[in-house]
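Subject: Structure for you to look at

Hi there,

Here is the structure I promised to pass on. Have a look at it first, and then read on for my notes on what turned up.

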Amino acid sequence: RVAEVTQDTFEAEVLKSDTPVLVDFWANWCGPCKLVAPLMDWVEKEYAGAVKVVKVEHDANPKLIEDFKVYGLPALVVIKDG
């Protein structure tokens with residue numbers, strides 16, 4: 001299952017991860033985000049152990065949205081080695 005991370009858990013879950021992390025920035029009101037969600041579940045299962053998949057809710061995490069300059073949703077970012 002794709003883990004949800006917040007501003008408080010982002011550093012530990014993503015930046016300090018030993019494996020590359022695919023971050024899905026999403027929002028409840030975003031229709032295309034709902035279409036991407038099953039793909040994120042597939043990636044998590046297909047590449048288990050090789051890639052970690054997490055999602056960040058747009059409205060609840062404004063600092064991460066600003067830090068990663070997320071201007072549109074859904075936004076996918078791959079982070080490797082912090």
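Let me start with the aromatic residues: Phe10, Phe25 and Phe68 are linked by ring pairs into a cluster. Please keep in mind as you read that this is a predicted model.

Aromatic rings

The structure has 3 aromatic pairs by the rule applied here. One of them is formed by Phe25 and Phe68, whose ring centres are 5.8 Å apart and whose planes make an angle of 45°, a tilted arrangement. This pair ties together distant parts of the chain, since Phe25 belongs to strand β2 and Phe68 to the loop between α3 and β4, with 43 residues separating them. Is each partner buried or exposed? Phe25 is buried, because its relative accessibility is 0%. Phe68, at 29%, is partly exposed.

Another ring worth a click is Trp26, because you will find a charge there: Lys55 lies over the face of Trp26, 5.0 Å from the ring centre.

The nonpolar cores

Next, the inside of the model. As a general background, nonpolar side chains tend to be buried together in soluble globular proteins. Here the largest nonpolar core is made up of 13 residues. Val5, Phe10, Val14, Val23, Phe25, Val54 and Val56 are the ones with the most contacts inside this core. Which elements each supply at least two of its residues? They are α1 (10-15), β2 (21-26), β3 (52-57), α3 (62-67) and β4 (75-79). Of these, β2 makes the greatest contribution, with 3 residues.

Val14 is a handy place to start if you want to trace the packing on screen. Setting aside neighbours within four places in sequence, Val14 contacts Val5, Val21, Val23, Val54 and Ile79. There is also another core, apart from the largest one, with 6 residues that include Val2, Leu22, Val36 and Val53.

Salt bridges

How many salt bridges does a search of the whole structure find? The count is 3, and I will take each in turn.

- Lys52 and Glu13 meet through their side chains at 2.8 Å, N to O. This salt bridge links distant parts of the chain, with Lys52 in strand β3 and Glu13 in helix α1, 39 residues apart. Lys52 counts as partly exposed because its relative accessibility is 24%, and Glu13 is also partly exposed, at 31%.
- Asp67 and Lys63 form a salt bridge with an N to O distance of 2.9 Å. Both residues are in helix α3, where they sit 4 residues apart, about one turn of the helix. Asp67 has 40% relative accessibility and so counts as partly exposed; Lys63 is partly exposed too, at 49%.
- Glu11 and Lys16 are joined by a salt bridge of 3.7 Å, N to O. Glu11 is partly exposed, with a relative accessible area of 45%, whereas Lys16 counts as exposed at 58%. The cut-off matters for Lys16, because exposed means over 50%.

The disulfide

There is 1 disulfide by the rule used. Which cysteines does it join? Cys30 and Cys33 are the partners, with an S to S distance of 2.3 Å. The torsion about their S-S bond is about 80°, so this disulfide is right-handed. Cys30 is buried, because its relative accessibility is 4%, and Cys33 is buried as well, with a value of 4%.

One more tryptophan

Finally, a word on Trp42, which is part of helix α2 (residues 31-46). Trp42 has a relative accessible area of 42% and is therefore partly exposed. Trp42 and Val53 are 11 residues apart along the chain, and their C-alpha atoms are separated by 9.9 Å. You have met Val53 above, among the residues of the 6-residue core.

If you want a short tour on screen, begin at Phe25: this residue is in the cluster with Phe10 and Phe68, and is also listed among those with the most contacts inside the largest core. From there, go on to Cys30 and Cys33 for the disulfide, and then to Lys52 and Glu13 for the salt bridge between β3 and α1.

Happy browsing, and all the best!

Definitions and conventions:
Residues numbered from 1 in each chain as written. Predicted model: local features only at pLDDT ≥ 70, side-chain atom pairs only at ≥ 80, totals over all residues. Heavy atoms only, no water. Core = buried A, V, L, I, M, F, W, Y, C linked by side-chain atoms within 4.5 Å. Buried < 20%, exposed > 50% of the residue type's maximum accessible area, 1.4 Å probe, protein only. Contact = heavy atoms within 4.5 Å. Phe/Tyr/Trp six-rings, centres within 6.5 Å; stacked < 30°, edge-to-face > 60°. Lys NZ or Arg CZ within 6 Å of the ring centre and 35° of its normal. Salt bridge = Lys/Arg side-chain N within 4 Å of Asp/Glu carboxyl O. Disulfide = S-S within 2.5 Å.
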